Amino acid sequence: MRIDVVSIFPEYLSALDISLIGRAREDGLLDVRVHDLREHTHDRHRTVDDTPYGGGAGMVMKPEPWAEALDAVADDSPVERPTLLVPTPSGTVFSQPLARELAGYEHLVFACGRYEGIDERVFQWAAERFDVRLVSLGDYVLNGGEVAVLAMVEAVGRLIPGVIGNPESLVEESHEGGLLEYPVYTKPSSWRGHEVPPVLLSGDHGKIAQWRRAQQVERTRLRRPDLLPEGPLA
Ligand code: 6GU
């Protein structure tokens with residue numbers, strides 16, 4: 001998979017050089033290219049923002065550098081219509097199902113906004129060349145899209161075949177199957193007065209599976225009732 005990221009803080013994305021994503025890049029599973037938006041300015045001050053029409057606080061990112069940067073990325077795309085992801089608190093909420101969908105695509109492009117956002121016409125224009133998606137991490141505000149891109153690239157990247165050593169670990173985790181993960185324990189079985197639930201030491205795999213399922217349902221009910229389906233669980 002090819003991933004391009006456009007940002008005014010390309011150094012922010014250096015975390016993509018390490019750990020799981022860094023290894024996937026070394027292994028040739030991921031081709032990540034980070035671009036500096038300011039390379040697409042043509043004035044002495046490399047200006048990327050300006051005051052908002054209509055007034056109001058803060059600055060808005062100018063359309064011209066974005067169009068030039070995104071044209072360059074689209075011209076170099078392996079596909080006809082790459083997916084353009086724009087991290088913004090006013091987007092639809094990013095989720096495991098969306099991560100799974102994106103993991104099936106050949107080329108993702110992330111446009112990191114800063115300040116009060118990017119001139120809205122950039123998204124209208126970009127729809128000519130990209131499948132445009134505005135996505136949020138959740139209901140809180142970050143200063144820019146870079147942290148959100150790190151989160152989304154990790155969520156998508158780990159779903160690409162070969163990126164994670166043991167693909168079975170993908171099946172049983174939180175949000176796969178719509179419930180939170182069950183609690184996990186390792187040795188020692190007794191630690192500072194806290195015991196591992198005896199069923200996990202019983203060797204009865206049927207009973208263990210049943211207990212884990214019940215824990216998943218109970219945790220989800222307590223912490224994330226919004227995730228539970230209406231009627232009884234399968
Ligand atoms: Cl994707 N971007 C920004 N700037 N703030 C956010 C966000 C994204 N998701 C939650 N807050």
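Strand β5 gives the largest share of the lining of the largest pocket, contributing five residues. This is a predicted model, and the pocket is a good place to enter it. The space inside the largest pocket comes to about 460 Å³. Its lining counts 25 residues. Nearest the pocket centre lie Pro 87, Thr 88, Pro 89, Ser 90 and Gly 117. Two elements, β5 (83-93) and β7 (131-136), each give two or more residues to this lining. By character, the lining residues split into 13 nonpolar, nine polar and three charged.

Now turn to the interior. In soluble globular proteins, nonpolar side chains tend to be buried together. Here the largest nonpolar core holds 30 residues. Ile 3, Leu 30, Phe 94, Leu 108, Phe 110 and Val 156 touch the most other members of that core. Both strands and helices feed this core: β1 (2-7), α1 (19-26), α3 (96-103), β6 (107-111) and α5 (146-157) each supply at least two residues. The most comes from α5, which gives six.

Phe 110 shows how one core member is surrounded. Leaving aside residues up to four places away in sequence, Phe 110 touches Ile 3, Asp 4, Val 5 and Val 6. Its other contacts under that count are Leu 85, Val 149, Met 152 and Val 153. Ile 3, one of these partners, is itself among the core residues that touch the most other members.

A second core sits apart from the one just described. This separate core has 19 residues, including Leu 37, Ala 111, Ala 126 and Phe 130.

Methods. Residues numbered from 1 in each chain as written. Predicted model: local features only at pLDDT ≥ 70, side-chain atom pairs only at ≥ 80, totals over all residues. Heavy atoms only, no water. 1 Å grid on protein atoms, 1.4 Å probe; cavity = no way out; pocket = protein on both sides within 12 Å on 5 of 7 lines; lining within 4 Å. Points joined across faces, edges and corners; volume = space filled by probe spheres on them. Helix = DSSP H or I, 4+ residues; strand = E, 2+ residues; numbered from the N terminus. Nonpolar A, V, L, I, M, F, W, Y, C, P; charged D, E, K, R; others polar. Core = buried A, V, L, I, M, F, W, Y, C linked by side-chain atoms within 4.5 Å. Buried < 20%, exposed > 50% of the residue type's maximum accessible area, 1.4 Å probe, protein only. Contact = heavy atoms within 4.5 Å.
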